[in-house]
Amino acid sequence: MFTTPTRGPMELVVFTDGSTVPGSRRCGGYAAIVFDSTGNRVEIGGYCKASGMNFLSETMALLAALLSCPAQAHLDIWTDCLSGKQAVERDDTAERAQIRAAARQVLTCIRRALRCRGAMGSRTILTSGPT
């Protein structure tokens with residue numbers, strides 16, 4: 001997490017996506033595109049280990065979005081991964097649920113980033129829908 005010197009509120013809109021070839025042992029990819037209020041754009045992307053499903057790639061895109069934006073910025077994050085949004089918002093405090101959760105390390109990092117952002121007083125809205 002990082003902060004930047006700014007005057008007034010910083011509001012960013014982020015679109016995320018991740019993908020992999022179903023059942024493949026090839027790595028997956030993810031991307032986040034960040035827009036500021038004047039229309040400037042920053043593109044973030046990468047690859048992640050082979051998982052055979054999109055969930056890891058989708059959650060990596062969410063994590064990349066959170067870590068690539070200043071902690072004091074208000075974020076509106078759009079994702080097409082409803083299961084990722086629900087997993088982030090779900091209370092997985094039970095040990096059994098944590099062990100069974102897919103991409104649990106990434107989800108833990110996302111939850112910690114959201115807590116840090118909240119402690120800074122920033123607003124983060126995570127919306128699932130067609131992007």
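## From a hairpin to the sheet and its helices

Strand β2, which spans residues 28-35, and strand β3, which spans residues 41-48, pair in the antiparallel sense over 8 bridges, and the model in which they are seen here is a predicted one. Within this pairing, Phe35 stands opposite Arg41 in β3. The hairpin that β2 and β3 make has 5 residues between the strands, and in it Gly39 takes a positive phi near 95°.

The hairpin belongs to an open sheet of 5 strands, whose order is β3-β2-β1-β4-β5 and whose pairing is mixed. The edge strands are β3 and β5, the latter covering residues 124-128, and each of them pairs on one side only. From one strand to the next, the twist averages 20°. As background to these pairings, strands of a sheet pair through backbone hydrogen bonds, either parallel or antiparallel.

Following the order of the sheet inward from β2, one comes to β1, and these two strands pair in the antiparallel sense over 7 bridges, with Phe15 standing opposite Ile33 in β2. With β4, by contrast, β1 pairs in the parallel sense over 6 bridges; here the bridge partner of Glu11 is His74 in β4, and that of Phe15 is Trp78, also in β4. Phe15 thus has a place opposite Ile33 of β2 as well as a bridge partner in β4. Beyond this, 5 bridges join β4 to β5, which run parallel, and in this pairing Leu75 stands opposite Thr124 in β5.

The side chains of β1 alternate along the strand: Leu12, Val14, Thr16 and Gly18 point to one face and are buried, whereas Glu11, Val13, Phe15, Asp17 and Ser19 point to the other and are not. Val13, whose place is in strand β1, illustrates the second of these groups, and since the partly exposed class runs between 20% and 50% relative accessible area, its relative accessibility of 27% makes it count as partly exposed. Leaving aside its neighbours within four places in sequence, Val13 is in contact with Ile33, Val34, Phe35, Asp76 and Trp78. The C-alpha atoms of Val13 and Ile77 are separated by 6.0 Å, although the two residues are 64 residues apart along the chain.

Which residues touch the most other members of the largest nonpolar core? Of the 30 residues in that core, they are Leu12, Val14, Leu75, Ile77, Val106 and Ile110. Two or more residues each are given to this core by β1 (11-19), β2, β3, α1 (55-68), β4 (74-79), α2 (82-89) and α4 (104-119), and among these elements α1 gives the most, with 9 residues. In soluble globular proteins, nonpolar side chains tend to be buried together. Leu12 and Val14 are also among the β1 residues that point to the buried face of the alternation.

The packing of α1 against α4 can be described through their axes, which lie 9 Å apart and make an angle of about 25°. Because angles under 35 degrees count as roughly parallel, α1 and α4 are therefore roughly parallel to each other, and α1 passes α4 in a left-handed crossing. On the side of α1, the contact is made by Phe55, Leu56, Thr59, Met60, Leu62, Leu63, Leu66 and Leu67, and on the side of α4 by Val106, Leu107, Cys109, Ile110, Ala113, Leu114 and Arg117. Val106, when its neighbours within four places in sequence are left aside, is in contact with Leu56, Thr59, Met60 and Leu63.

Is Gln105, which lies in helix α4, buried or exposed? With a relative accessible area of 53%, Gln105 is exposed, because the exposed class begins over 50%. Gln105 and Tyr47 are 58 residues apart in sequence, and their C-alpha atoms are 16 Å apart in space.

Notes:
Residues are numbered from 1 along each chain as its sequence is written. This is a predicted model: local features need pLDDT of at least 70, side-chain atom pairs count only at pLDDT 80 or more; totals for chains, interfaces and linings use all residues. Side-chain values use heavy atoms; hydrogens and water are left out. Two strands pair if DSSP finds at least two bridges between them. Helices (H or I, at least four residues) and strands (E, at least two) are DSSP runs, numbered from the N terminus. A nonpolar core is a set of buried Ala, Val, Leu, Ile, Met, Phe, Trp, Tyr and Cys residues joined through side-chain atoms within 4.5 Å. Buried means under 20% relative accessible area, exposed over 50%, partly exposed in between (1.4 Å probe, protein chains only). Contact means heavy atoms within 4.5 Å. Axes are lines fitted to C-alpha atoms, for helices over the stretch in contact, and angles run from 0 to 180 degrees between N-to-C directions. Angles under 35 degrees count as roughly parallel, over 145 as roughly antiparallel, 65 to 115 as roughly perpendicular and the rest as oblique. A crossing is left-handed if the near helix is turned anticlockwise from the far one by less than a right angle, and right-handed if clockwise.
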